[in-house]
Amino acid sequence: MTDKITALYCRLSQDDMLDGESNSITNQKAILSKFAEDNGFHNTAYYVDDGVSGTTWERDGFKAMMADIENGKVGTVITKDLSRLGRDYLKTGELIEMVFPDYDVRYIAVNDNVDTAKSENELLAFKNIFNDWYARDCSKKIRAVFRAKGQSGKHLCPPVYGYKKSDTDKNLWVIDEPAAEVVRKIFKLCIDGYGPVQIARILTEQGIPTPTAYALSQGRDNGRHNAKTYRWGAQTIAHILERYEYCGHTVNFRTKMKSYKVHKIVYNPQEEWQIFENTQEPIITQQTFDLVQQLRKHKRRPQRSEAVNPFAGMVYCADCGEKMYLSRRKNERPEQEHMRCSTYAKEQDKCTVHYIRTCVLNEIVLGELNKLLTMVRENEDGFIQTAMSNSVQRKSSELTKAKKTLKQAEKRVSELDKLFTRLYEDNVLGRLSDERFTMMSAGYEEEQAKLKATVAELTAFVETAEQKSSDVTAFLKVVHKYEHIEKLTPEIMHELVDKIVVHEPDKSSGKRVQDIEIHFRFDVAVTAISVETGKLQILRNC
């Protein structure tokens, strides 16, 4: 006997708790304590991991024990059975047969009759494999339950920031108003033209608690302890802006664990997500969410100025297709501020000089938007007909006919599948000759191929027509918010305009004439105008 520690290691996982009291930490301690006392092991110390899986080695108690082993403090390790040490047969075998002997540590598993000081334990490897298989089987069962729950539309994760669990139904999320107000603020700032870094700075300066700080203040522990609980991060903002849940939807299977042994979270591709719509009250509208996603696709270059340019990320060069960025020097007057082609600014041989003053662009866009508002207000039906180049209204009979034909084609494709099955059976049973089978099946296959092409074409037509109708309705809903626009803001621009295309100025006539294209959202309209920009600057007294 030495003065080295006798490590009594206890581990209990969530699955082991289902077995009742026999695997409890209390029961394990009692068994190990009695075994140590009966067999003369002194200087005992408990190392405990409660609620930790045996397939992971990231356990506090286990790591503390291994640290003492590596420092030469431990002489013996005792566990209730092999599975308490671990359920990964490779790592467990390595510990028992290589690591422990290397540090002169004796290992004992009481219930499995394993003692490295007494025998070679020929069955040790098989027992470890059985323990590993048990963990694999439990993982399969848990994943099956998890998938069934997810496919039923129930939430698989705790409520996201802005929601909380209902007091009456734990599966239902309800709006947590103080946090929801911050979420709305974040989306509003994004529409106003601020990026995640700028939004994070604004929220931090205003002293708004981060999601972690807010959860802790409400007595909820989200497991993400951070000393900087009042400093927002750009990644947190971006994460909030991408959550479908804020539209009232449930999103399941966004992530997965690599395996039951490798507990690393990986993100699934979006096509593998399952989205269940309208499962809780929305914090923001679908229209607002879609607008933000569109803005996030066209990320803007950070601006040094605090004032947000309403055209940021929306103006493009007609020749190279790249964005035009704001040029604003300290010594320049406001009327000299302009947008210029980013390609020409970097490499002048790749594009020609394209630029337009922001005050001029502001006057042009403001005028065209107010014309649009007037048109909609005075003749909404006419606008709808103009906006929908292939109007569902004008082609309503055609759309109805297309839907009817589509239904008939799909029915015939299904019938042909059944005919193929009968033909094959008749051929196999000898009721139909091979020659006759070949001829008839070829005819059916040709018909089915044509029908499938027709089905695809009709489906695309119906979806496009119906989507066009939905897009125009959404655009009109935004337009009705405004009577007359006095000043352009990022919110107005992003709600009504998709992009602006600026052409190179034409000075051949001795005047500076420039073509400008304004593409409105949802492709409802494109306004192309030629403007004598030099003259406009004088008239408007920019």
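These legends walk through several close-up views of a predicted model.

**View 1. An open sheet of five strands.** Here the strands follow the order S2-S1-S3-S4-S5, and their pairing is mixed. Strand S2 (44–50) and strand S5 (114–115) stand at the edges with a single partner strand each, so one side of each has no neighbour in the sheet. Look further in for strand S3 (residues 74–79) and strand S4 (residues 106–109), which run parallel and are joined by four bridges. One pair to find is threonine 79 with its bridge partner in S4, alanine 109.

**View 2. Strands S13, S14 and S15.** Strand S13 (residues 324–327) runs antiparallel to strand S14 (residues 338–341), with four bridges between them. Try locating tyrosine 325, whose bridge partner in S14 is arginine 340. S14 is also joined to strand S15 (residues 355–357), through three bridges and again in antiparallel fashion. On that side, methionine 339 has isoleucine 356 of S15 as its bridge partner. As a reminder, strands of a sheet pair through backbone hydrogen bonds.

**View 3. A salt bridge within helix H6.** Glutamate 181 and arginine 184 bring their side chains together in a salt bridge, 3.0 Å from N to O. The two residues are separated by about one helical turn, because they sit three residues apart in helix H6 (residues 177–191). Glutamate 181 is partly exposed at 45% relative accessibility, and arginine 184 is partly exposed at 25%.

**View 4. A salt bridge between buried residues.** The side chains of glutamate 245 and arginine 254 form a salt bridge with an N to O distance of 3.2 Å. Glutamate 245 counts as buried, at 1% relative accessibility. Arginine 254 counts as buried too, at 12%.

**View 5. A salt bridge linking a loop to helix H16.** Lysine 481 forms a salt bridge with glutamate 495, and their closest N and O atoms are 2.9 Å apart. Lysine 481 lies in the loop between helix H15 (434–479) and helix H16 (490–496), while glutamate 495 is in helix H16, so the pair ties together parts 14 residues apart in sequence. Lysine 481 is partly exposed, with a relative accessible area of 48%, whereas glutamate 495 is buried at 8%.

**View 6. Two surface patches.** Leu123, Phe126, Phe130 and Trp133 make a nonpolar surface patch of about 490 Å². Of these, phenylalanine 126 is found in helix H5. A positive surface patch is formed by Lys149, Lys154, Lys165 and Lys170. Lysine 154 sits in the loop between helix H5 (124–151) and strand S6 (163–165), and is partly exposed with a relative accessible area of 40%.

Methods. Residues numbered from 1 in each chain as written. Predicted model: local features only at pLDDT ≥ 70, side-chain atom pairs only at ≥ 80, totals over all residues. Heavy atoms only, no water. Patch = residues over 30% accessible without salt bridge, like charges linked within 9 Å, V, L, I, M, F, W, Y side chains within 5 Å. Areas by Shrake-Rupley, 256 points an atom, 1.4 Å probe, with all protein chains shown as cover. Salt bridge = Lys/Arg side-chain N within 4 Å of Asp/Glu carboxyl O. Lys, Arg positive; Asp, Glu negative; His and termini not counted. Charge placed at Lys NZ, Arg CZ, Asp CG, Glu CD. Buried < 20%, exposed > 50% of the residue type's maximum accessible area, 1.4 Å probe, protein only. Pairing = 2+ DSSP bridges.
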